[in-house]
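Reader: I should like to learn how the features of a structural model are read, one at a time. Where should we begin?

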Amino acid sequence: MQWTLVVPVKTLARAKSRLSDTADDGVRPGLALAFALDTVAAALACPAVADVAVVTDDARAARELGALGAGVVPDEPGGGLNAALAHGAAAVRAARPESPVAALNADLPALRPAELARVLDAAAQFPRAFLPDAAGIGTTLLAAAPGGELSPAFGSDSRARHRASGAVELRLGAVDSVRQDVDTGGDLRAALALGVGPRTAAVTARLLIAGQ
């Protein structure tokens, strides 16, 4: 099964505010873009992924992610994360009604294509399924089989909300790179320990040099 992934990317100037203890206002937009670029590059390298649709209104993010090979869907609703994901999924299904669709966080800089393939292969067994984040509170991936509605419920305590909505929780080991999203300095250190992509590595190396 070949999936289309819908990846939401917030306007970079407003992204990753919880990393303020690690990166200042001048650095965070570039760091958020690096996360997204490494995430999408890894996703496009995954054998289970046919293509990636990025939902964003940020011109720089659209340009650079598009250059990687992602499709770009303007965030026309402008109503937040779940509205953006629903809009992106609808755009995908309008073009390919029988495509399986999965929402994937844009802040997975340690993402490994083989681990993502394992998660998607497991998700293909259910009408809707999700993978909880490393903290066990949120969600990093929500999948819907062909013909099924994505019905995203991201935000605070999304693990419980997706479970309550009827989505099956995927309980997989050895997929840490798909679960390790980055919201805080501690998350970033955990992702670095797993091994991040080249763009995130370059930006964080500059951070470390500046902090010496």
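Author: We begin with the term strand: helices and strands are DSSP runs, a strand having at least two residues, and they are numbered from the N terminus. The model shown here is predicted. In it, T139 has its place in strand β6.

Reader: Is T139 buried or exposed?

Author: Buried means under 20% relative accessible area. T139 counts as buried because its relative accessibility is 3%. Leaving out residues up to four places away in sequence, T139 touches N105, F130, L131, P132, D133, F154, S158, R159 and H162.

Reader: How is the pairing of β6 to be read, and in which sense do β5 and β6 pair?

Author: Two strands pair if DSSP finds at least two bridges between them. Strand β5 (residues 128–132) and strand β6 (residues 139–144) pair in the antiparallel sense, over five bridges. Within this pairing, P132 stands opposite T139. The two strands form a hairpin with six residues between them, and G136 in the turn has a positive phi of about 75°.

Reader: Which other strand is joined to β5?

Author: Strand β7 (residues 168–169) runs parallel to β5, and two bridges join them. Here F130 stands opposite E169 of β7.

Reader: How many of the residues of β5 are buried?

Author: Five of the five residues of β5 are buried, so the strand is largely enclosed by the rest of the structure. One may also read the direction of the side chains: R128, F130 and P132 point one way, A129 and L131 point the other way, and all are buried.

Reader: What does UniProt list for "binding site"?

Author: The UniProt record, an unreviewed entry, lists T139, G155 and S158 under that heading. These residues are spread over 20 residues of sequence, yet they cluster in space, with a largest C-alpha distance of 8.5 Å. T139, G155 and S158 are also included in the lining of the largest pocket. As for G155, its place is in the loop between β6 and α5 (158–164). G155 is partly exposed, at a relative accessible area of 44%, whereas T139 is buried.

Reader: N105 was named among the contacts of T139. Where does N105 lie?

Author: N105 lies in the loop between β4 and α4. This residue is buried, with a relative accessible area of 13%. The side chain of N105 reaches the backbone oxygen of T139 at 3.3 Å. Apart from its neighbours within four places in sequence, N105 is in contact with V7, T39, T139, T140, F154 and D181.

Reader: T39 appears in that list. What does the side chain of T39 reach?

Author: An α-helix has 3.6 residues a turn, so residues three or four places apart point the same way. T39 is found in helix α1, and its side chain reaches the backbone oxygen of F35 at 2.7 Å. T39 is buried, with a relative accessible area of 0%. Residues up to four places away in sequence aside, T39 touches L104, N105, A106, D107, L108, P109 and L111.

Reader: How should a nonpolar core be read, and how many residues has the largest one?

Author: In soluble globular proteins, nonpolar side chains tend to be buried together. The largest nonpolar core of this model has 39 residues, and those with the most contacts inside it include L104, L116, L120 and L141. Among the elements that each supply at least two residues are β1 (3–8), β2 (49–55), β5 and β6. Helix α1 gives the most, with seven residues. Another core, of 16 residues, lies apart from it and has A53, V101, A144 and F154 among its members. Returning to L141, and leaving aside its neighbours within four places in sequence, one finds contacts with A102, A103, L104, L116, V119, L120, A129, F130 and L131.

Reader: What caps the N-terminal end of α2?

Author: D58 is the cap: one of its side-chain oxygens lies 3.1 Å from the backbone nitrogen of R60. Just after α2, G69 takes a positive phi of about 120°.

Reader: Finally, where does T184 lie?

Author: T184 lies in the loop between α6 (176–179) and α7 (185–194). With a relative accessible area of 23%, T184 is partly exposed. T184 touches R18 and L19, not counting residues up to four places away in sequence.

Conventions:
Residues are numbered from 1 along each chain as its sequence is written. This is a predicted model: local features need pLDDT of at least 70, side-chain atom pairs count only at pLDDT 80 or more; totals for chains, interfaces and linings use all residues. Side-chain values use heavy atoms; hydrogens and water are left out. Buried means under 20% relative accessible area, exposed over 50%, partly exposed in between (1.4 Å probe, protein chains only). Helices (H or I, at least four residues) and strands (E, at least two) are DSSP runs, numbered from the N terminus. UniProt positions are given in the numbering used here, feature names are shortened, and annotations may be inferred rather than shown by experiment. On a 1 Å grid over the protein atoms alone, a cavity is a set of points where a 1.4 Å probe fits but cannot get out, and a pocket is an open set with protein on both sides within 12 Å along at least five of seven lines; lining residues have an atom within 4 Å of a point. Contact means heavy atoms within 4.5 Å. A nonpolar core is a set of buried Ala, Val, Leu, Ile, Met, Phe, Trp, Tyr and Cys residues joined through side-chain atoms within 4.5 Å. A polar contact is a pair of N or O atoms within 3.5 Å; within protein, one must be able to donate a hydrogen and the other to accept it, and residues adjacent in sequence count only if both atoms are side-chain atoms.
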